[in-house]
Amino acid sequence: MADLTTSTCDIGELMSAYLDGELHPGELDHVVEHLGGCTDCILEFRRLKEARAAVRTLPRLEVPERLLPAFHFGPELSAYLDGELPTEGQTLVFGHLQTCDECRDELHELDAARTAIRSLPGLEPPLLVEVHRERHEPRRRVRRGRMVAVAAGVAAAAVVAVGVAASSTPETTVDLDSFTNQHVARASVEAGFTVIPAVGPAGLEP
Amino acid sequence: MADEPIPTWEDVARRYGRKIYNFAYRLTGNPDDAADLVQEVLLRVRKGLASYTPGSFDGWLWRITRNAFLDGVRRNQRRPTTALPDDDRVALVPSPSPDEVLASVRLSEDIQSALLKLPIEFRECVVLCDVVGLTYEEIATAIDSPVGTVRSRIHRGRKMLRELLTWPI
């Protein structure tokens, strides 16, 4: 049995953590500095490294198939076909396809379906203008209704403002144009903003 | 740590089956015990997934694996005496010469044999670190101990291992 030098230094178990990149910054500095000048610790460090390498070189064993459930990749096959699985998933599915006839057949069917869909000719939409008009017509009515509501709100606010001005001190003046413009501007950029609840024409929501 | 989505039992078997088997094999030293352990772990995972609370799935899984191993040890109260089975020879990297194959098998046998001589607490930490590839923190979660304990056990385990490996590496 090899005689492993027992170091009297204080970095003992820090060396394995150093090998594994598991040291805290302060500890790292300490270990690196110490290893720079201690022959005993350098020797022990090498031995630890050899032990670690020995375990890591052990062959990775395949798990016996009988231990695993019979599974298939049905739901993931389309994503696999489109290259949309994470790398690990793509590798797993690829490996599985080498031995699973069922999944391979399903993949071929999916591929055929995808090819068929992709081979469909692109069509020009002849009714594009009509569709566009139909889609926008109701919206324009709504917007007119909203404009009415905004105008009503602005007018009401103006009346209130005039009332307030009249009842306050005589020095206070209100610039009605500025007041109105500010409200119209705000109403045009803030959805639903009105001074008072507006009542639009029947059937039209503000 | 952000919660991870809960995998299905089939996902666990598919993604972790090989790692669990390698962990089990390196701890027990024989394929039958390793196979039993994999089955036991997958069984516990299947039952446990119903009540699993999203969190560190790896920590949860390896704790189950480790507990299943310790339960098996307590139940059997026996140590494996056989070294490497045929499986290990099959898993060797392809296309080396016969001499290289023989040397590799001997090497694996020696390392496996040395691993089995480590106390269980050291062995499980070394295997979780160097075979499974967990971080110290993940190992701490799996064995339900502080990271400092993990650090100490890995170091002492490797130190003993190197003493047991008499040939130059």
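How many residues does the contact take from chain A, and how many from chain B? I will begin there, and I should say at once that what we are looking at is a predicted model, so every value I quote is computed from it. The answer is that 31 residues of chain A and 38 residues of chain B take part in the contact. On the chain A side, the elements that contribute two or more residues are helix H1, spanning 14-19, and helix H3, spanning 39-56. Of these, H3(A) provides the largest share of the side that touches chain B, with nine residues. In terms of residue character, that side of chain A divides into 20 nonpolar, two polar and nine charged residues.

Let me turn now to chain B itself. Chain B contains eight helices and zero strands, and its pattern, read along the sequence, is accordingly written α-α-α-α-α-α-α-α. Of its 169 residues, 37% count as buried. If we take the contacts in chain B between residues at least 6 apart in sequence, 70% of them join residues that are at least 24 apart.

Two of these helices deserve a closer look, and I will start with H1(B). Helix H1 of chain B covers residues 9-28, and although a straight helix of 20 residues would span 28 Å at 1.5 Å a residue, the distance between its end C-alpha atoms is only 24 Å. In the same helix there is a kink of about 60 degrees, centred on Tyr16(B). After H1(B) comes Gly29(B), which has a positive phi, near 85 degrees.

Also in helix H1 of chain B is Lys19(B). Is this residue buried or exposed? Lys19(B) falls in between and is classed as partly exposed, because 19 other C-beta atoms lie within 10 Å, whereas 20 or more would be needed for a residue to count as buried. The C-alpha atom of Lys19(B) is separated by 9.3 Å from that of Gly133(B), although these two residues are 114 residues apart along the chain.

The other helix is H8(B), made up of residues 147-164. Its 18 residues reach 26 Å from the first C-alpha to the last, which is close to the 26 Å expected at 1.5 Å a residue. Which residues of H8(B) are buried? They are Val150(B), Arg151(B), Arg153(B), Ile154(B), His155(B), Gly157(B), Arg158(B), Lys159(B), Met160(B), Leu161(B) and Arg162(B).

Methods. Residues numbered from 1 in each chain as written. Chains lettered and ligands numbered in written order. Predicted model: local features only at pLDDT ≥ 70, side-chain atom pairs only at ≥ 80, totals over all residues. Helix = DSSP H or I, 4+ residues; strand = E, 2+ residues; numbered from the N terminus. Buried ≥ 20, exposed ≤ 12 C-beta atoms within 10 Å, placed from the backbone. Contact = placed C-beta atoms within 7 Å. Expected span 1.5 Å × (residues − 1). Bend = angle between axes of the 7 residues up to and from the residue. Nonpolar A, V, L, I, M, F, W, Y, C, P; charged D, E, K, R; others polar.
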